[in-house]
Amino acid sequence: MKILLATQKPFSSVAVNQLKEIAGAEHELIILEKYRDASDLENAVKDVDAMIVRSDKVTAGVVNSATVLKIVVRAGAGYDNVDLQACSDRNIVVMNTPGQNSNAVAELSLGLMIYLARNTFSPGTGSELKGKKLGIHAYGNVGKLVAALAKGFGMEVSAFDPFVEDSILVEDGVSPLKSIDELYSVNDIISINIPAIPSTIKSINRNILNSLKKNVILINTARKEVIDETDLLSAMLQNPGIKYGTDVMPDCHEKMKEFGTRYFATPKKMGAETEEANVNAAVAALNQIIDFFKTGNERFRVNK
Ligand code: 3PG
């Protein structure tokens, strides 16, 4: 079987070596890293049976360049980079590897909280996380880990997630909130952990941002698309206490930079950039592909 590993942002060599070992002599692992153009991916996908990607854009153009492709595995959580419809139209299965890089993302969320609370390590007085109210927007794999880490810092943790039973939050020592409005209006720090899907795109808008407390830190390790950037800019102007730390550089980055120590964006998405997360996600992706061809296992399928 021919398996393409297409990663514009490459996995660590340790992760890639593990993939080579698992593929062994039985499977041919083709590696396409740091490619510059969509056409490179379109060429590489032509005769492969399976493909592993990260945030690489799997467009209809890419899908339709493939001739024998049966499965695409997004080695990670968010699959907003994959054209699910185009894959379904060609009977191509799409999977993700949920949970495999969550710890890395959760740790980065806490790192960003400290960095912003300490004014991006500029001289002057910052604040501590201890005793602060943290609101978690979506209690999935990442949100749950953010909660556990934050409790270690002595934070008071609450969360809003309409898809998670209150009893699960309570069991974890997290206070369930009734609405998004409540989440954004009562907390000192908010960790955004929602996926970018049609119902969440630009969902964090002026209605929500206008209700933020005076000094609040917003941490976005999800996707830039979930925030309405025009509304974010106005909120930052109107409420000089808001700080925004993000692992996904917004389109309005240049304007946001004018807010100085109230704003920080990682230059490239760093959430899953740890050795451990790379290995976990890459190995899970390859094992899912091998299992799919062997047994038909579609456990982590995300398209219909
Ligand atoms: C994810 O959705 O899993 C994270 O955003 C990580 O994405 P990456 O593999 O492109 O770094």
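Colleague: Where does the ligand sit?

Modeller: In this predicted model, the ligand sits in the largest pocket. A molecule counts as sitting there if more than half of its atoms lie within 2 Å of the pocket's grid points.

Colleague: Which residues are around the ligand?

Modeller: Look for K9, R54, S55, R74, G76, A77, G78, N101, R223, K269 and A272. Sorted by class, this shell has five charged, four polar and two nonpolar residues.

Colleague: How do I read the polar contacts, and which atom of S55 lies 2.3 Å from the ligand?

Modeller: For a polar contact, find a pair of N or O atoms within 3.5 Å. In S55, a polar side-chain atom lies 2.3 Å from an oxygen atom of the ligand. With A77, a polar backbone atom is 2.6 Å from a ligand oxygen, and for G78 a backbone N or O atom lies 2.8 Å from one. The ligand taken alone exposes 320 Å², and the protein buries 95% of that.

Colleague: Now the rings, please. How many aromatic pairs does the structure hold?

Modeller: There are four aromatic pairs. Take Y115 and F264: their ring centres are 4.9 Å apart and their planes stand at 85 degrees, so this pair is edge-to-face.

Colleague: Which parts does that pair tie together?

Modeller: Y115 belongs to helix α5 (residues 102-117) and F264 to strand β12 (residues 263-265), so the pair ties together parts 149 residues apart in sequence.

Conventions
Residues numbered from 1 in each chain as written. Predicted model: local features only at pLDDT ≥ 70, side-chain atom pairs only at ≥ 80, totals over all residues. Heavy atoms only, no water. Near = heavy atom within 4 Å. Polar contact = N/O pair within 3.5 Å; in protein donor to acceptor, adjacent residues only side chain to side chain. Areas by Shrake-Rupley, 256 points an atom, 1.4 Å probe, with all protein chains shown as cover. 1 Å grid on protein atoms, 1.4 Å probe; cavity = no way out; pocket = protein on both sides within 12 Å on 5 of 7 lines; lining within 4 Å. Nonpolar A, V, L, I, M, F, W, Y, C, P; charged D, E, K, R; others polar. Phe/Tyr/Trp six-rings, centres within 6.5 Å; stacked < 30°, edge-to-face > 60°. Helix = DSSP H or I, 4+ residues; strand = E, 2+ residues; numbered from the N terminus.
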